[in-house]
Amino acid sequence: MVEGVMMQRSCARAGAKVVLATRYGSRVRTTCSTAVRAASVGAPVRSGPGKVSLSCVGAGSLAGAGASAGGAKGARRNLSASSSQVTSTVSEVQRVLGIDLRGKKAFVAGVADDKGFGWAISKALAEAGCEIILGTWVPALKIFETSYRRGKFDENAMLSDGSKMEFKHVYPMDAVFDTLADVPEEVRTNKRYEAADGDFSVAGVAKRVKEDYGNVDIVIHSLANGPEVQKPLLETSRHGYLAALSASSYSFISMMQHFGPLMNKGGAAVSLTYLASERVIPGYGGGMSSAKAALESDTQVLAFEAGRKYGVRVNTISAGPLGSRAARAIGFIDDMINYSMANAPIEKELAAEEVANVAAFLCSPLASAITGSCIYVDNGLNTMGLAMDSKALERVDD
Ligand code: NAD
């Protein structure tokens, strides 16, 4: 009986949301399943393929990209299931709210496989009809393109309308260089940089994007690098510290400097940060905690400056732990995932799509008054002041 009432309420809520989405022409109060169907029919249709340098084939879904990350086997089985339940709820909400980014272009920096936040954000934006242009780190470009061509990412490239996510272009990029003149000779001639087919500096890529595709609406910064990340701060060298800030924080300033002038008014930029900026997370070293603190502070200043200068919004998402390639390189991501599942208010593993959907929201007109904010998408872990699985909380019965 109680369940029945709750169902009716949620149906009414779903119906109300469909009524809100008047661009779909739906003004009738409807049942829950009809509401979801109506919203699905009205889901944005992706625009034409345009100039596509990479496309992929195959079927599947991105669900599980985050869920495939570490953790104890038994725990992971349970939590993966609850994670995918949440994921389907999230994409349902996205359809009902009708985030519509058709006719918009996004430049996403920091995609070199299908496991990280950059891929998931690209996919969420593509779901909303946005065209995606990538900036991929030069040393990672060849393996990314080869894997893509061989269909390694096919399963995770499938959009809900049955089409596959396509990228208009993938530009080789290295976000630690503002101009080509900044690139030292040993890097230019390094074998790992052979994949570069032109100017791969931030300014160079912005210029190429402008020439090839005109303005963009969305800029995503989903990259970080700290060569001494495994060293405690106390043992970090000046070089390692500055390198972490250069790759992980200044890179965003540089992107806003060079892509800002290309951004249409009303556009939005989003970066990814981590709780280590404000709480001590032993193991996240090499100045990476400082780099994230700088990124968060810069988000506010850039929001003001770019808001006044270009009329765009700037936000950052503080994401919970995800078993991405970069996170695996740090070496303790499985522990962080397990810790979060044991101690966060929501006891499940974070899925990359949950972060991606918030990024799509932040880039949409639905978030038109949100700028300079750090939004936590971490199952609420940031709110906790007590580790629920602490041994100190254990009661020993006599
Ligand atoms: P990822 O490996 O998918 O993404 C990191 C990307 O940065 C890679 O594609 C890499 O090629 C790129 N990169 C490194 N140096 C670069 C450079 N100089 N120029 C251009 N690109 C460069 O891993 P991810 O975890 O999805 O990371 C994306 C963002 O999310 C990062 O800012 C990271 O700090 C943040 N984040 C990650 C977690 C997590 O647990 N994985 C949690 C919170 C925040």
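Colleague: Let's begin with one residue: what is the relative accessible area of R102?
Modeller: Happy to, and please keep in mind that this is a predicted model. Buried means under 20% and exposed means over 50%, with partly exposed in between. R102 belongs to the partly exposed class, because its relative accessible area is 39%.

Colleague: Which residue does R102 meet in a salt bridge?
Modeller: The two side chains come together at 2.7 Å, N to O. The partner counts as partly exposed, at 24% relative accessibility. The residue that R102 meets is D100.

Colleague: How many salt bridges does a search of the whole structure find?
Modeller: The bridge between R102 and D100 is one example, and K168 with E131 makes another, at 3.5 Å from N to O. That second pair links distant parts of the chain, with K168 in strand β3 and E131 in strand β2, 37 residues apart. Both K168 and E131 are buried. For the whole structure, the search finds nine.

Colleague: Which residue forms a salt bridge with R208?
Modeller: The closest N and O atoms of this bridge are 2.9 Å apart. R208 sits in helix α7, while the partner is in the loop between α6 and α7, eleven residues apart. R208 counts as buried because its relative accessible area is 16%. The partner of R208 is D197.

Colleague: What distance separates the end C-alpha atoms of helix α7?
Modeller: Helix α7 covers residues 202-213, which makes twelve residues. The expected span is 1.5 Å times one less than the number of residues, so for this helix it should be 16 Å. The model agrees, with the end C-alpha atoms apart by 16 Å.

Colleague: Which helix do the buried residues of α7 pack against?
Modeller: Among the buried residues of α7 are V202, G204 and V205. The buried residues of α7 pack against the strands β1, β2, β3 and β4. They also pack against a helix, namely α8.

Colleague: Which residues make the nonpolar surface patch of about 280 Å²?
Modeller: One member of the patch has its place in helix α8, which spans residues 238-259. That member is L242. Together, the patch is made by L233, Y241 and L242.

Colleague: Let's turn to the rings: what is the angle between the planes of W119 and F167?
Modeller: The centres of this pair are 5.8 Å apart and the arrangement is edge-to-face, a label used for planes over 60 degrees apart. W119 lies in helix α4 and F167 in strand β3, so the pair ties together parts that are 48 residues apart in sequence. W119 counts as buried because its relative accessibility is 1%, and F167 does too, at 0%. The angle between the planes is 80 degrees.

Colleague: How far apart are the ring centres of Y148 and F167?
Modeller: The planes of these two rings stand at 65 degrees, so the pair is edge-to-face. Y148 is in helix α5 and F167 in strand β3, 19 residues apart. Both Y148 and F167 are buried. Their ring centres are apart by 5.6 Å.

Colleague: Which residues do ring pairs link into a cluster?
Modeller: The structure holds eleven aromatic pairs. F167 pairs with W119 and also with Y148. The linked cluster consists of W119, F144, Y148, F153 and F167.

Key: Residues numbered from 1 in each chain as written. Predicted model: local features only at pLDDT ≥ 70, side-chain atom pairs only at ≥ 80, totals over all residues. Heavy atoms only, no water. Patch = residues over 30% accessible without salt bridge, like charges linked within 9 Å, V, L, I, M, F, W, Y side chains within 5 Å. Areas by Shrake-Rupley, 256 points an atom, 1.4 Å probe, with all protein chains shown as cover. Salt bridge = Lys/Arg side-chain N within 4 Å of Asp/Glu carboxyl O. Helix = DSSP H or I, 4+ residues; strand = E, 2+ residues; numbered from the N terminus. Buried < 20%, exposed > 50% of the residue type's maximum accessible area, 1.4 Å probe, protein only. Contact = heavy atoms within 4.5 Å. Phe/Tyr/Trp six-rings, centres within 6.5 Å; stacked < 30°, edge-to-face > 60°.
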